[in-house]
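Visitor: Please give me a close look at just one part of this protein. I'm new to reading models, so take it slowly and explain the words as you go.

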Amino acid sequence: MRVSSVARSVVPSAIRKMFNKALEYGNTINLTIGEPDFITGTNVMEAGSRAIFEGKTKYSENAGILPLRMEISRYLERENGNRYDPESQVIITIGAMGALYLCMRALLDPGDEVIISTPCWTNYIQQVKMCGAKPVLVPTDEQNEFMVDVGKLQQACTDRTKAILLNSPSNPTGSVLDHGTLAAVAELSNEKDLIVLSDEVYKHILFDGLEYESIAGLTGMRDRTVIFDSFSKTYAMTGWRVGYSAGPEDIIRNMTKLQENVAACAPMPSQYAALEALKGSQEYKQQMIAEYDSRRKLACELIGQMPLVSCLRPKGTFYIFMNIKQTGMTSEEFAYRLLEEKQVVVVPGTAFGDAGEGYIRLSCASSKDNIVSGLNKMKEFLECLQ
Ligand code: PLP
């Protein structure tokens, strides 16, 4: 064997598998997309290209350009009341993905355990494995609105548990953790002396007037929480690859040291673009969120008219996690048959862990026309099953 046991332990995402399968079919309607279908805002693109033409094309400091770290620090203070020192408690990374990985490398020794509620974005699981550590998966339940089950988290704790990972709003379920749940997780993490990894990349894509609450803002949590955020989803900037973390100094400093050795820094022009995204007008962002909201309403209405399936109305993100249990099919069977018979591409819920069995994930990061055509075809498919 030439490759390491760690590399062998990592499995490719089932979303990619579905994507590749769809390429075998000509004209498909793709409802799998995990990134905004909008292009980046004009002001942000201009700031990025201006940075390039001004020669800001070099390495930046490993932790990222200071003006962006300062802006993030101001922004977080407004958002959750905590002040993070831009010099030592904020790092700019290659997307939130880069931040999550650096943080896990900074925290985890082989054999350490990280508790993750599922269904979840499975990159967490792979990243934990890449550190030789152990992901401990704790299922959530649709009846409980896919809310993190703190009793189960407590049962999952061992003397090797290092951290609890939270993702609110959640990819794929669209659930948002309420204050009571956050407070209970905070209590547990204080009691067991755990770090909370709080993935907040969808925090702005919230509906029905919900206000975002970060666990980092709860009493005693600032010093045991690492926040992960990104410009990817909020500002339609996936390809710019820029995200960040804020948290305790010992963790952020070590992430910075590690970043020096794997990437040096996030791309410098992207960091200037991100600075404009945060400082400039938020109007385009609001328009995108309003559009996701109206697509979500439309999709839920259409799903409500279909036999054998149902969905909770997501509180955030641009995903819908649809229950297909009454069809009697597994998630994979459903997704593959839908592709074969109607050329509509969706992600089987099992791509987000075993707890996703009986569900499929639909993405509303797609035009209304696409959503309507895809869901009409799905309705025909379901009617034939009855
Ligand atoms: N966290 C979640 C829950 C995601 O869904 C994604 C991307 O799909 C990421 C983090 C990573 O985003 P990025 O690395 O583009 O910032």
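Guide: Start with strand 3, which is covered on both faces: Glu 113, Ile 115 and Ser 117 are buried on one side, and Val 114, Ile 116 and Thr 118 on the other. A strand here is a DSSP run of E with at least two residues, while a helix is a run of H or I with at least four, and both are numbered from the N terminus. Buried means under 20% relative accessible area; exposed is over 50% and partly exposed is in between, using a 1.4 Å probe and protein chains only. Since 6 of the 6 residues of strand 3 are buried, this strand is largely enclosed by the rest of the structure.

Before we go on, keep in mind that this is a predicted model: local features need pLDDT of at least 70 and side-chain atom pairs count only at pLDDT 80 or more, though totals for chains, interfaces and linings use all residues. Residues are numbered from 1 along each chain as its sequence is written, and side-chain values use heavy atoms, with hydrogens and water left out.

Now, what does strand 3 pair with? Strand 3 (residues 113-118) runs parallel to strand 4, and 6 bridges join them. Two strands count as paired if DSSP finds at least two bridges between them. You can pick out individual partners: Ser 117 has Val 138 of strand 4 as its bridge partner, and Thr 118 stands opposite Pro 139 in that strand.

Zoom out a little, and you'll see an open sheet of 7 strands with mixed pairing, in the order 2-8-7-6-5-3-4. Its edge strands are strand 2 (90-93) and strand 4 (134-139), each pairing on one side only. From one strand to the next, the twist averages 20°.

Next, have a look at helix 6. Its buried residues are Tyr 124, Ile 125, Gln 126, Gln 127 and Val 128. They pack against quite a list of elements: strand 3, strand 4, strand 5 (161-167), strand 6, helix 1 (5-9) and helix 5. Take the last of those. Helix 5 (residues 95-107) and helix 6 (residues 123-130) pack with their axes 9 Å apart, at an angle of about 35°. An axis is a line fitted to C-alpha atoms, for helices over the stretch in contact, and angles run from 0 to 180 degrees between N-to-C directions. This crossing is right-handed, meaning that the near helix is turned clockwise from the far one by less than a right angle; anticlockwise would be left-handed. Helix 5 brings Met 97, Leu 100, Tyr 101, Met 104 and Arg 105 to the contact, while helix 6 brings Asn 123, Tyr 124, Gln 127, Val 128 and Met 130. Those residues divide into 7 nonpolar, 2 polar and 1 charged. Just after helix 6, look for Gly 132, which takes a positive phi of about 75°.

Back in the sheet, let's visit strand 7. Its story is that 6 of the 6 residues are buried, so strand 7 is largely enclosed by the rest of the structure. Thr 225, Ile 227 and Asp 229 sit on one side, and Val 226, Phe 228 and Ser 230 on the other. Strand 7 pairs with strand 6 in the parallel sense over 4 bridges, and there Ser 198 stands opposite Ile 227. With strand 8, strand 7 runs antiparallel, again joined by 4 bridges; in that pairing, Phe 228 has Ser 245 as its partner.

One residue here is worth a zoom: Thr 225, in strand 7 (residues 225-230). Is Thr 225 buried or exposed? Thr 225 is buried, because its relative accessible area is 0%. A polar atom of its side chain lies 2.7 Å from the backbone oxygen of Met 221. Leaving out residues up to four places away in sequence, Thr 225 touches Val 196, Ser 198, Ile 215, Ala 216, Ala 246, Gly 247 and Pro 248. Contact means heavy atoms within 4.5 Å.

Finally, find helix 9 (residues 249-262), which lies across strand 2, strand 6 (195-199), strand 7 and strand 8 (243-246). Helix 9 runs at about 30° to strand 2, which, you'll remember, is one of the edge strands.

Terms used: Polar contact = N/O pair within 3.5 Å; in protein donor to acceptor, adjacent residues only side chain to side chain. Nonpolar A, V, L, I, M, F, W, Y, C, P; charged D, E, K, R; others polar.
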